[in-house]
Number of protein chains: 2
Amino acid sequence: MAKTDDPNPDSHPQGGTVPGTDGDRRAQLVDAAVDHVAAHGIADVSLRRLGAAIGVSHRMLIHYFGSKEQLLVEIVRTSERRRRELLSQLRLEPGLSSVEAARRLWHRLTDPGLAGQERLFFELCGQALRGRPEAVPVLDGLVSDWLEPLVAAETAAGADPVSARNRARFGLATVRGLLLDLLATGDRAGVDAALEEFLRLYYGPE
Amino acid sequence: MAKTDDPNPDSHPQGGTVPGTDGDRRAQLVDAAVDHVAAHGIADVSLRRLGAAIGVSHRMLIHYFGSKEQLLVEIVRTSERRRRELLSQLRLEPGLSSVEAARRLWHRLTDPGLAGQERLFFELCGQALRGRPEAVPVLDGLVSDWLEPLVAAETAAGADPVSARNRARFGLATVRGLLLDLLATGDRAGVDAALEEFLRLYYGPE
DNA sequence: TCGCGAGTGTACCGAGTGGTACATGCCGGA
DNA sequence: TCCGGCATGTACCACTCGGTACACTCGCGA
């Protein structure tokens, strides 16, 4: 009856938060997988190619993750976690004016070293909008994750709650759109100039 | 030497602009293909599934387009053409204030009937950023196509050329970001409110 | 020293892919 | 009436895919 050869087959340890010996290898593999996927895309990845790229056989990926589907889920989850960590680093430095804080945030977001991660983000958006199951979780945090700190910043700057939320959502959309523009055109100067135009309107001329 | 059986094999007529009997069938097929792809995604389409969905055998798709690759190119091109036609319909009606024109444009863009097309657009963006060859042309028109009419509108409203370009690029990015927000969250009211916030800042309170 | 279990590689399977070869049916002109 | 060319279907090919079966090699406890 058993579909596999082993009565306790390929346990693909749930690693996750456990830093045990199992989870080590698992976490190491998923980290390498995310790096590869950020560099080469996730759309047409295959277990064999991915395995060859990160130095294991596709058999091992099945062993550790159970199936390709679960490996992709893990990759998306880890990529989301990285993005979240990036977001948490973007705490506002107290002495800074809002516009200057926004400017620094933009420059951190557009660091060329993050380009792969950003491209992966947009790629996952596209797939998530199509309902590809492992990518759908991206949609959940797409707006809400970023809205919360932005709204907090707006209210701290004295906006009433409703207008704070609207302003935050508007600002997030603009930054996203400019990021896509930058990735698509590579026109750093042009996009930076458009951002300055945005900042001037958003935070007033001063 | 010939790889195919026929000395004049599967001519996959270049149809294109020619409305002859060949191009008719070809154009009809590519139209149906775009519809299907807009509804079900382009990422994992196969000739067999696509053929079954639009009522031909995969053999016929190869016959008319030569290869899957060329069919995808044709699909992207046609989808781009549709988008361009949509854009050309969005002429400013003379008697309208700028803000009201922008509001109408937004409502047309977010027509639920266009959701499939918009999703396809973002899906293609994701693939194009990865360098998938048939999707790359999307990147070319991504900014420039829209910038031109927007810049024209800005200069007509009295902005100097440099600021017109920056404003247009900024506005385009915001609308794109809000569109992605809407597709991802479905929160029509929230996104509309954010758009109103944008319009208030962009065109002044008046 | 033995054995056992975890980790790993290799070979394989069925399914699905893009693409090809060939047969068949159909229609218009001689 | 016949015939040639086009459209289309069916069967097939080589290949890759995700996933499985099994053999092998270690290290470690008894």
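## Chain A at a glance

Helices here are DSSP runs of H or I with at least four residues, numbered from the N terminus. With that in hand, welcome to this predicted model. Chain A has nine helices and zero strands, and reading along its sequence gives the pattern α-α-α-α-α-α-α-α-α.

Of the 206 residues in chain A, 47% count as buried. If we take the contacts in this chain between residues at least 6 apart in sequence, 64% of them join residues at least 24 apart.

## How the two chains are related

Let's turn to the pair of chains. Chain B is superposed on chain A by a rotation of 180° with 0.0 Å of shift along the axis, at an RMSD of 0.0 Å. That is the relation of a two-fold axis. Within chain B, B:Thr174 has the C-alpha nearest the axis, 2.0 Å from it.

The interface fits this picture: 100% of the interface residues of chain B are also interface residues in chain A, so the copies meet through the same surface.

## Helix 8 in chain B

Helix 8 of chain B covers residues 161-185. At 1.5 Å a residue, its 25 residues should span 36 Å, and the end C-alpha atoms are indeed 36 Å apart, so the expected and modelled spans agree.

This helix is mostly covered, with 21 of its 25 residues buried. Just after helix 8 of chain B comes B:Gly186, which has a positive phi, near 70°.

## A buried arginine in chain A

In chain A, helix 8 (residues 161-185) is home to A:Arg176. Here is a residue worth a look in the viewer: A:Arg176 is buried, yet has no salt bridge. A salt bridge needs a side-chain nitrogen of Lys or Arg within 4 Å of a carboxyl oxygen of Asp or Glu, whereas the nearest side chain of opposite charge, that of B:Asp181, is 6.7 Å away from A:Arg176.

What lies 2.8 Å from a polar atom of the A:Arg176 side chain? The backbone oxygen of A:Leu142 does. Setting aside residues up to four places away in sequence, A:Arg176 touches A:Phe121, A:Phe122, A:Leu142 and A:Trp146.

## A buried serine in helix 4

Our last stop is A:Ser79, which sits in helix 4 (residues 68-89) of chain A. Is A:Ser79 buried or exposed? Its relative accessible area is 9%, and buried means under 20%, so A:Ser79 is buried.

Apart from neighbours within four places in sequence, A:Ser79 is in contact with A:Val34, A:Gln117, A:Leu120 and A:Leu124.

How values were computed: Residues numbered from 1 in each chain as written. Chains lettered and ligands numbered in written order. Predicted model: local features only at pLDDT ≥ 70, side-chain atom pairs only at ≥ 80, totals over all residues. Heavy atoms only, no water. Helix = DSSP H or I, 4+ residues; strand = E, 2+ residues; numbered from the N terminus. Buried < 20%, exposed > 50% of the residue type's maximum accessible area, 1.4 Å probe, protein only. Lys, Arg positive; Asp, Glu negative; His and termini not counted. Polar contact = N/O pair within 3.5 Å; in protein donor to acceptor, adjacent residues only side chain to side chain. Contact = heavy atoms within 4.5 Å. Least-squares fit on C-alpha atoms with pLDDT ≥ 70 in both. Expected span 1.5 Å × (residues − 1).
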